[in-house]
Amino acid sequence: MSGIVWYRADLRVDDHEALAQARQAHSTVKAVFVQQPLNTRRFERGRAQMKFERETLQTLQEELGRLGIELTILTGDVSEQLGRFMKPGDVVYFHRMTGYYESIDERAVLAQFTAHIYETQTLYRREQIGSDKLAHVFSAFRKKVERSGHFEQPVAIEDPAAAITLPAYASGDAFPFEGGEMTGRAKLKAYLEGPIFTYKETRNGFGRDDSSKLSAWLANGSLSPRRVMAELQSVERRHGANESTYWLYFELLWRDFFHFTMRETGNRLFLAQGLREGSNVWPTDESIISMWIEGRTGQPFVDAFMHEFRETGWMSNRGRQITASYLIHELGQDWRVGASYFESQLIDYDVASNYGNWAYIAGVGNATRIPRFNPIFQQQMYDPTGAFTRRWTSP
């Protein structure tokens with residue numbers, strides 16, 4: 001009888017309760033990752049996204065190998081693939097994930113196999129926040145969490161021989177991103193050594209350390225939010241806290257907020273009306289959508305972001321707000337098409353954050369007003385010299 005660790009968006013060995021529990025309960029532990037078939041997507045996956053995933057899985061194979069655990073990568077239906085992979089008496093260990101389709105897979109696995117489920121995808125556990133009803137406005141959620149919530153320390157690897165040796169994180173540009181737990185931990189360490197202390201002032205910029213870029217590793221779980229928070233608190237104890245260190249925690253709260261919202265609203269963030277009552281009809285013009293995707297709108301700031309995105313799989317939060325607003329409010333297109341395109345390209349794709357933010361910009365999510373971003377004004381504010389725009393629009 002073996003313990004089977006079913007990996008999804010938790011591609012790490014550090015702070016991995018399912019892995020820790022499987023190792024404690026079984027002398028033989030195996031790991032499996034089931035990929036989604038590529039033909040199920042509206043848009044083809046971007047090269048940068050697939051590269052980041054390959055690097056992450058390769059690192060995970062190496063780190064699990066140091067623990068004497070083999071990682072098997074399969075493609076297809078989860079229940080079917082696990083059924084073929086497992087032997088009689090095997091027990092599945094896995095983490096709960098956010099997402100409507102992810103929850104369907106979880107229910108199928110729990111019904112078909114002997115399984116244990118754990119929670120490390122969010123900083124807080126839902127039951128720790130209190131109240132039967134989740135506040136659907138972020139400010140109310142934040143106040144509730146800061147008043148009554150608490151989070152646990154990350155679960156460390158207990159075998160000293162398996163401790164992660166962090167690589168040096170090279171200086172230079174923000175690209176290319178390199179997938180994998182070790183690189184994510186190294187990026188976190190490097191960011192907390194200095195750039196974090198000016199994060200609030202620089203977070204709307206487009207350079208390497210203007211923002212943490214940790215979302216790329218958080219999204220596929222090669223970094224856990226509890227690990228990020230533990231390291232942040234350690235830095236605050238040693239060097240003091242300021243508004244910028246709080247702001248990184250603030251962003252982790254936004255991430256939790258979107259995850260809990262999606263978990264409690266089922267598939268509503270995939271629907272045209274989002275979290276609103278009634279129905280919405282959104283137009284879809286493929287020629288306009290292609291123009292937006294290819295950076296041919298004629299709006300230089302928007303086009304610059306879209307060129308950057310196609311090449312790198314990354315876009316700053318400010319850029320995402322500007323380009324989403326432009327597609328929805330200026331070009332008049334269905335917000336879900338934009339969300340689907342981002343899903344296929346982002347190296348930091350996170351189902352709750354992506355669809356939650358797109359619904360927010362469309363005015364059908366967690367918003368008390370409809371946000372609208374004027375790209376001309378935004379360029380004057382955040383790219384006054386035009387350096388960023390020229391970089392990504394020049395031949």
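Begin by selecting the five strands that form an open sheet in the order β3-β2-β1-β4-β5, with parallel pairing; strands here are DSSP runs of E of at least two residues, and helices are runs of H or I of at least four, both numbered from the N terminus, while two strands pair if DSSP finds at least two bridges between them. This is a predicted model, in which local features need pLDDT of at least 70 and side-chain atom pairs count only at pLDDT 80 or more, whereas totals for chains, interfaces and linings use all residues. Residues are numbered from 1 along each chain as its sequence is written, and side-chain values use heavy atoms, with hydrogens and water left out.

At the edges of the sheet, select β3 (71-75) and β5 (115-118), each of which pairs on one side only. From one strand to the next the twist averages 25°; angles run from 0 to 180 degrees between N-to-C directions, and axes are lines fitted to C-alpha atoms, for helices over the stretch in contact.

Next, select β2 (residues 29-35), which pairs with β3 in the parallel sense over five bridges, and find Val-34 opposite Leu-74 in β3. Add helix α2 (residues 47-66), which packs on the sheet and touches β1 (3-7), β2 and β3, its direction making about 145° with that of β3; contact means heavy atoms within 4.5 Å. Helix α3 (residues 78-85) also lies across β1, β2 and β3, and runs at about 150° to β2.

In the loop between β1 and α1 (17-25), select Asp-15, which has a positive phi of about 45° although it is not a glycine. Asp-15 is buried, with a relative accessible area of 0%; buried means under 20% relative accessible area, exposed over 50%, and partly exposed in between (1.4 Å probe, protein chains only).

Move on to helix α6 (residues 138-148) and helix α11 (residues 243-265), whose axes come within 10 Å and cross at roughly 110°. That crossing makes α6 roughly perpendicular to α11, a term for angles of 65 to 115 degrees. Among the residues to display are Phe-138, Phe-141 and Arg-142 in α6, and Tyr-246, Trp-254 and Phe-260 in α11.

Finally, select Arg-126 in helix α5 (residues 126-129). Arg-126 is buried, with a relative accessible area of 18%, and its side chain makes a polar contact with the side chain of Glu-264 (2.4 Å); a polar contact is a pair of N or O atoms within 3.5 Å, where, within protein, one must be able to donate a hydrogen and the other to accept it, and residues adjacent in sequence count only if both atoms are side-chain atoms.

Methods. Parallel < 35°, antiparallel > 145°, perpendicular 65-115°, else oblique.
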